[in-house]
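Student: I am new to this structure and should like to understand how its descriptive terms are justified. May we take them one at a time?

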Amino acid sequence: MLFDTHVHLNVEQFDEDVEEVIERAKTAGVEWMNVIGFDRPTIKRAIELAENYEFIYATVGWHPVDAIDMTEEDLSWIEELASHPKVVALGEMGLDYHWDKSPADIQKEVFRKQIRLAQKVNLPIVIHDREAHEDVVAVLQEEEAEKTGGIMHCFGGDAEMAAKCLEMNFYISFGGPVTFKNAKLPKEVAADIPMDRILIETDCPFLAPHPYRGKRNEPSYVTLIADKIAEIKGMDPEAFYAQTTDNARRLFRLEGN
C-alpha cells in the first residue's frame, strides 16, 4: 500500500503508454498517485487523469521556471480548479535558480500569489525548491505558509532547513536521490524526519532511483525509494509503506475516502 505523492504522468514522456505505466504501478502496490500540473497543458491533463482514475488525484499550480508566463487569468483558472473534488493541493510552486527563464523577482511574486491563493481556498501547497533554499524558506515564513502547510517536494535541503519546514507545518518528501550511492545528505535528513511527517514520491519521469538512474522514472519505482528509507530508519518496509500512505491521506484530507 503506497502513495506516490508527486508524479508527472501528464507529460509527453508518457503519451504512448500511460495506461501500461499506471497498471505497472498498481501491480507494484501503488494504490494512490498525485499528478502535478505546472502549466496550462499539464494542468488540463492532470485533471483528465484524476477524472478517469478513481485512485489518481491532482495538484494544480504554476512552476517557477515558467513564472514569467503566468497571467492573472491563469491564477483565476487555478482558483476555479481548486474546488474540483479531485484537486488536493496547489503547486508545484516555489523558486528555481538553476534555470534563467524567469527572473527571481517574478518567481517570488508568482510564488507569493499562489501561497495567498492556497490560503484563500484552504488547500495545502507543494513546494519546488532548486538552488534557492534560503529564499524559499524566507518567502514561506513571510507569507505565513504554516496556515496551509504542504509538501517540500523532493527535498534537497539540510537538517536545519528541514526543521524550519517542519515548524511551518510541512511534510518532507523524498524521491530517487535518496537511493543514489553517493547521496549522503538526503539519507542523513531522512533518518531524522519524524515518521508522521515523511512522504515518498518518484517525480516521474524525472530522477529515477537506483538502479534505474538516468532512465525514465515511473510510479512503480516508488517501492525502491520507500525500501531505502525504511532501511535507513531500521523499519519494516510494510510498516513504512502504511505510515507514509497514512501521512499522505491525512495531508490531502482523504482519510474518509
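Tutor: Let us begin with a term that will recur: a residue is called buried when its relative accessible area is under 20%, exposed when the figure is over 50%, and partly exposed in between. Please bear in mind that this is a predicted model.

Student: What makes D203 count as buried or exposed?

Tutor: The relative accessibility of D203 is 8%, and the limit for a buried residue is under 20%. D203 therefore counts as buried. Its place is in the loop between β8 and α8.

Student: How do you know that L207, in the loop between β8 and α8, belongs to another class?

Tutor: L207 has a relative accessibility of 37%, and the class between 20% and 50% is called partly exposed. L207 therefore counts as partly exposed. D246, which is placed in helix α9, has 42% and is likewise partly exposed by that rule.

Student: What is notable about the backbone of D203 and of L207?

Tutor: Most residues other than glycine have a negative phi, and most peptide bonds are trans. D203 is not a glycine, yet its phi is positive, at about 60 degrees. L207 also is not a glycine, and its phi is positive, at about 55 degrees.

Student: Which peptide bond that ends at P205 or P211 is cis?

Tutor: Both are. The bond from C204 to P205 is cis, with omega near 15 degrees, and a cis bond joins H210 and P211, with omega about 10 degrees. P205 lies in the loop between β8 and α8, as does P211.

Student: Why is β3 called largely enclosed?

Tutor: Five of the five residues of β3 are buried, so the strand is largely enclosed by the rest of the structure. I56, A58 and V60 point one way from β3, Y57 and T59 point the other way, and all are buried.

Student: Where does β3 pair, and in which sense?

Tutor: With β2, strand β3 pairs in the parallel sense over five bridges. With β4 (residues 87–96), strand β3 (residues 56–60) pairs in the parallel sense over three bridges. In β4, the bridge partner of A58 is V87.

Student: What is the order of the strands in the sheet, and why do β1 and β8 stand at the edges?

Tutor: The open sheet has eight strands in the order β1-β2-β3-β4-β5-β6-β7-β8, with parallel pairing. β1 (2–7) and β8 (198–200) each have a single partner strand, so one side of each is left without a neighbour in the sheet.

Student: Why are α2 and α3 called roughly parallel?

Tutor: Helix α2 (residues 40–52) and helix α3 (residues 72–81) pack at an angle of about 10 degrees, with their axes 12 Å apart. Angles under 35 degrees count as roughly parallel. The two helices, α2 and α3, are therefore roughly parallel to each other. The contact is made by R40, I43, K44 and I47 of α2 and E73, D74, W77, I78 and L81 of α3.

Student: How do you know that the chain is as compact as a globular protein of that length?

Tutor: Its radius of gyration is 17 Å, close to the 18 Å that the globule rule gives for 257 residues, so the description is justified. Of the 257 residues, 58% count as buried.

How values were computed: Residues are numbered from 1 along each chain as its sequence is written. This is a predicted model: local features need pLDDT of at least 70, side-chain atom pairs count only at pLDDT 80 or more; totals for chains, interfaces and linings use all residues. Side-chain values use heavy atoms; hydrogens and water are left out. Two strands pair if DSSP finds at least two bridges between them. Helices (H or I, at least four residues) and strands (E, at least two) are DSSP runs, numbered from the N terminus. Axes are lines fitted to C-alpha atoms, for helices over the stretch in contact, and angles run from 0 to 180 degrees between N-to-C directions. Angles under 35 degrees count as roughly parallel, over 145 as roughly antiparallel, 65 to 115 as roughly perpendicular and the rest as oblique. Contact means heavy atoms within 4.5 Å. The radius of gyration is taken over C-alpha atoms; the globule rule is 2.2 Å times the number of residues to the power 0.38. Buried means under 20% relative accessible area, exposed over 50%, partly exposed in between (1.4 Å probe, protein chains only).
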